[in-house]
Amino acid sequence: ADTTSVADNLKAITEFSVSTINAKVKSYLPFLNELQYAEDSQKRKGFPRQRPTPQVFEVVSSDGFNTQLTRYKGTKGPVLLLHGVAVSSKIFSTDLIPHNLCDYLLANDYDVWLSDWRASILLETSRRQSPVYGGAFDHAAAIKIILKETGVKNVQVVAHCVGSLTLWAGMLNGDIEGVGSVVSSQIASRPMVSIANKIKQNLQLAPFFEKVLRQDHFDIVAHSPSPSTSEHGSGGDKTAHKVSLLDRAVDNALRFMPMPSQEYCNNAICHRASFCFGLIWEHDKLSKNFHDNLNEIMGSINMETLQGLVNVWSKKQTLTNLEGKDVVTPENLKKAFENVPVLLIHGAKNQAFTPESTIRTLNELRSNILPWTNMASDSKSIYRRKEIPGYGHLDCITGDKAYKDVYPFILEHLETYSKTTGYGAAIEE
């Protein structure tokens with residue numbers, strides 16, 4: 001009996017020790033944790049939506065790309081929402097969070113137009129090679145449709161990340177007309193990246209993937225090396241995904257990517273997004289429900305667009321047109337934005353594009369267009385900037401509490417200029 005008791009005690013001590021060691025390893029060496037993939041079963045909570053019946057419009061750009069507009073009709077606006085790259089309009093309309101920007105604006109009676117331009121993962125065109133500037137042609141075509149359908153003379157635009165960059169590039173180059181006011185999230189005319197992104201830029205990782213590894217796109221959605229069928233793949237497909245040795249090598253290497261300790265996670269999709277763009281959110285601003293289902297939000301980016309973004313625009317810290325000409329000039333700023341109110345929103349902890357980038361845009365707008373306006377008379381300027389404490393990049397749009405911390409600033413801008421744009425301007429006349 002004593003022997004049995006000793007053996008049981010030793011077994012219990014051993015199990016406790018192993019359990020404790022595993023917990024400590026997971027805590028202090030999080031990069032050794034098992035990776036979470038799109039195929040892994042996760043509980044998904046969807047928040048019900050009540051919206052007007054959507055109207056879908058097919059959009060064809062001047063350079064032959066087929067894209068899409070979805071309208072939820074309202075009485076104020078219209079407002080066009082532009083997403084970034086490797087995502088889609090779902091960043092504005094996802095039901096993974098209780099309150100998204102689309103429904104927030106609908107609740108305030110806005111006529112909301114969601115653009116899925118050529119970088120949208122919901123479209124086949126997202127894998128078609130395209131210069132980064134090409135998005136400007138999609139926005140121009142989308143705005144023409146909105147103006148035609150609504151009868152207004154201009155629209156208000158809320159643009160995030162590369163959606164904002166391409167909007168500014170097109171407006172400065174004269175390809176986009178009909179914009180009455182702009183809210184730019186995280187970046188505008190000066191793509192200035194973090195130190196970590198500069199290091200990746202100098203390592204020529206994008207050219208390496210394209211020229212050496214023969215990749216024509218980079219997929220943010222990582223798939224499990226275990227043979228299984230995905231029920232949650234990018235776009236919600238149920239396809240068995242072939243995982244290459246390169247995929248496995250990338251996912252395992254990214255375990256060790258330098259990251260602030262509080263930002264480590266075991267989500268392989270999150271790792272890939274951080275590798276491609278820099279950490280694009282503060283984890284404490286995302287709900288677990290959203291973070292566990294990133295495969296619904298993220299997708300791939302074609303190499304030509306990525307190269308243009310990383311090795312041309314970001315490297316030069318400016319925007320260029322198809323001919324490679326710098327379009328961010330005092331003359332272009334004055335011509336495109338002289339009577340266009342702008343709100344720049346930037347997460348204070350943004351590790352994709354530094355907060356200094358939108359400060360520079362603000363200063364250039366004010367010095368080139370309103371030279372008598374300075375920071376002391378900020379409230380009187382039509383060019384404003386709001387830095388969001390504690391937030392990073394995409395969490396300013398998809399954060400669990402963004403409807404309290406960020407959306408009100410967007411709404412305030414739209415309301416302020418509702419009488420001089422869209423339906424308001426038409427009534428005034």
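Visitor: How much space lies in the second largest cavity?

Guide: About 80 Å³ of space lies there, and bear in mind that this is a predicted model.

Visitor: Which residues are closest to the centre of that second largest cavity?

Guide: Trp117, Arg118, Ala119, Asn302 and Thr305 are the closest, out of 16 residues that line it. Strand β8 (residues 300-302) gives the most to this lining, with 3 residues. Sorted by class, the lining of the second largest cavity has 7 nonpolar, 7 polar and 2 charged residues.

Visitor: Happy to step back a little. What shows where empty space is left?

Guide: The general idea is to roll a probe the size of a water molecule over the atoms, which shows where empty space is left. Here, a search of the whole structure finds 3 cavities of 30 Å³ or more. The largest cavity holds about 440 Å³ of space.

Visitor: Let's go there, then. Which residues lie nearest the centre of the largest cavity?

Guide: Look for Phe275, Cys276, Phe277, Leu306 and Val310; they lie nearest the centre, among the 31 residues of the lining. The elements that give two or more residues to this lining are α6 (195-202), α7 (205-212), α9 (268-277) and α11 (303-316).

Visitor: And which element gives the most to the lining of the largest cavity?

Guide: That is α11, with 6 residues.

Visitor: How do the residues of that lining divide into nonpolar, polar and charged?

Guide: For the largest cavity, 22 are nonpolar, 8 are polar and 1 is charged. You can set that beside the second largest cavity, with its 7 nonpolar, 7 polar and 2 charged lining residues.

Definitions and conventions:
Residues numbered from 1 in each chain as written. Predicted model: local features only at pLDDT ≥ 70, side-chain atom pairs only at ≥ 80, totals over all residues. Heavy atoms only, no water. 1 Å grid on protein atoms, 1.4 Å probe; cavity = no way out; pocket = protein on both sides within 12 Å on 5 of 7 lines; lining within 4 Å. Points joined across faces, edges and corners; volume = space filled by probe spheres on them. Helix = DSSP H or I, 4+ residues; strand = E, 2+ residues; numbered from the N terminus. Nonpolar A, V, L, I, M, F, W, Y, C, P; charged D, E, K, R; others polar.
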